[in-house]
Amino acid sequence: MRGRLSVVGIGPGDETLLTPMARRTLEEATAVVGYRGYLEMVSPLLGGKNALPFELGQEVERAWRALDLASQGERVALLSSGDPGIYGMASPALEAWLALPAPQRPPLEVVPGVPALAACAALLGAPLGHDFAVVSLSDLLTPWEVIVRRLEAAAAADFVLVIYNPRSRGRPWQLGEARRIVLRHRSPDTPVGLVRRAYRQGQAALIATLGTLDEAAVDMETTIIVGSSRTLARDGVMLTPRGYRQEGKG
């Protein structure tokens with residue numbers, strides 16, 4: 001049997017948001033590799049399969065283990081939360097795959113999933129109705145100086161700004177600095193949506209402003225969406241108009 005590696009996006013965690021393609025791939029898999037928490041999210045689909053749990057921070061190890069199993073003839077599903085191509089496992093998997101000599105590479109596919117930014121936006125209303133940028137505040141793989149330049153550029157260009165990995169116990173100060181950068185370009189009244197554990201147990205979504213944002217209430221399981229100058233917050237929802245009427249486009 002020829003093996004294959006499928007990098008599978010399992011969405012935000014609710015089984016109803018698992019795509020039919022992702023479900024079918026998991027059902028066909030003989031081995032499933034992933035962070036322990038991701039394996040728990042899809043545990044009803046893993047009966048009788050070889051499930052290999054890893055811890056956070058072991059993304060490269062996960063990718064190589066999945067490739068090794070696929071090279072041995074296994075049909076491997078390498079799990080990624082959200083969409084695997086957005087801050088997910090597709091990147092380390094493809095890096096490892098490209099590092100192999102071409103004759104040794106098993107077939108590889110990327111199975112898309114519902115990304116966290118889409119799930120969080122849905123809970124807030126329609127904050128991503130126009131151009132937006134996504135920035136992660138984690139400096140584990142990206143120098144903080146680079147993150148600052150990207151925040152400055154996105155804020156100055158009036159993009160709606162999605163912020164991943166906003167605050168952790170090891171780096172509690174970066175969200176405050178990011179907020180100060182954005183406030184140089186946006187009003188304190190700018191709507192800000194905060195969503196924690198979207199479509200999972202303990203879900204919470206609220207709308208604040210850039211001036212009233214409680215940084216201490218934010219953690220690594222929170223995604224922040226900062227509105228543009230045209231974003232509205234009314235009756236419990238955020239809305240960024242598509243703007244076609246104003247821009248003369250239909």
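How much of the accessible surface of the protein chain belongs to carbon and sulfur atoms? The share is 53% of about 12500 Å². The note below takes the chain from overall form to single residues.

1. **Status and make-up.** This is a predicted model. The protein chain holds eight helices and 13 strands.

2. **Overall form.** The radius of gyration of the protein chain is 20 Å. A compact globule of 250 residues would come out near 18 Å, so the chain agrees with that expectation. Along the principal axes, the C-alpha trace spans about 60 × 40 × 35 Å.

3. **Burial and contacts.** Of the 250 residues in the protein chain, 44% are buried. Consider the contacts with a separation of 6 or more: 70% of them join residues 24 or more positions apart.

4. **Charges.** The protein chain carries 27 positive and 26 negative charges. The mean positions of the two sets lie 3 Å apart.

5. **A three-stranded sheet.** One open sheet runs in the order β6-β13-β12, with mixed pairing. Its edges are β6 (125–126) and β12 (232–234). Each has a single partner strand, so one side of each is left without a neighbour in the sheet. In general, strands of a sheet pair through backbone hydrogen bonds, in either the parallel or the antiparallel sense.

6. **The β6-β13 pairing.** Here the sense is parallel, over two bridges, with β13 covering residues 237–239. G125 stands opposite M238 in β13.

7. **Helix α4.** Which residues of α4 (residues 90–99) are buried? They are A90, P92, A93 and A96. An α-helix has 3.6 residues a turn, so residues three or four places apart point the same way. The packing partners of the buried α4 residues are two kinds of element. The strands are β1 (4–9), β4 (75–80) and β5 (108–111). The helix is α3 (59–71).

8. **R179.** Is this arginine of helix α7 (residues 174–183) buried or exposed? R179 counts as buried, because its relative accessibility is 16% and the cut-off for burial is under 20%. Leaving aside residues up to four places away in sequence, R179 touches L210, G211, T212, L213 and E215.

9. **Where to look.** For the sheet, start at G125 and M238, which stand opposite each other. For helix packing, start at the buried residues of α4, among them A93 and A96. For a buried charged side chain, go to R179, whose contacts include E215.

How values were computed. Residues are numbered from 1 along each chain as its sequence is written. This is a predicted model: local features need pLDDT of at least 70, side-chain atom pairs count only at pLDDT 80 or more; totals for chains, interfaces and linings use all residues. Side-chain values use heavy atoms; hydrogens and water are left out. Helices (H or I, at least four residues) and strands (E, at least two) are DSSP runs, numbered from the N terminus. The radius of gyration is taken over C-alpha atoms; the globule rule is 2.2 Å times the number of residues to the power 0.38. Buried means under 20% relative accessible area, exposed over 50%, partly exposed in between (1.4 Å probe, protein chains only). Contact means heavy atoms within 4.5 Å. Accessible areas come from the Shrake-Rupley method with a 1.4 Å probe; for residues, only the protein chains shown count as cover. Lys and Arg count as positive and Asp and Glu as negative; His and the chain ends are not counted. The place of a charge is taken as NZ of Lys, CZ of Arg, CG of Asp or CD of Glu. Two strands pair if DSSP finds at least two bridges between them.
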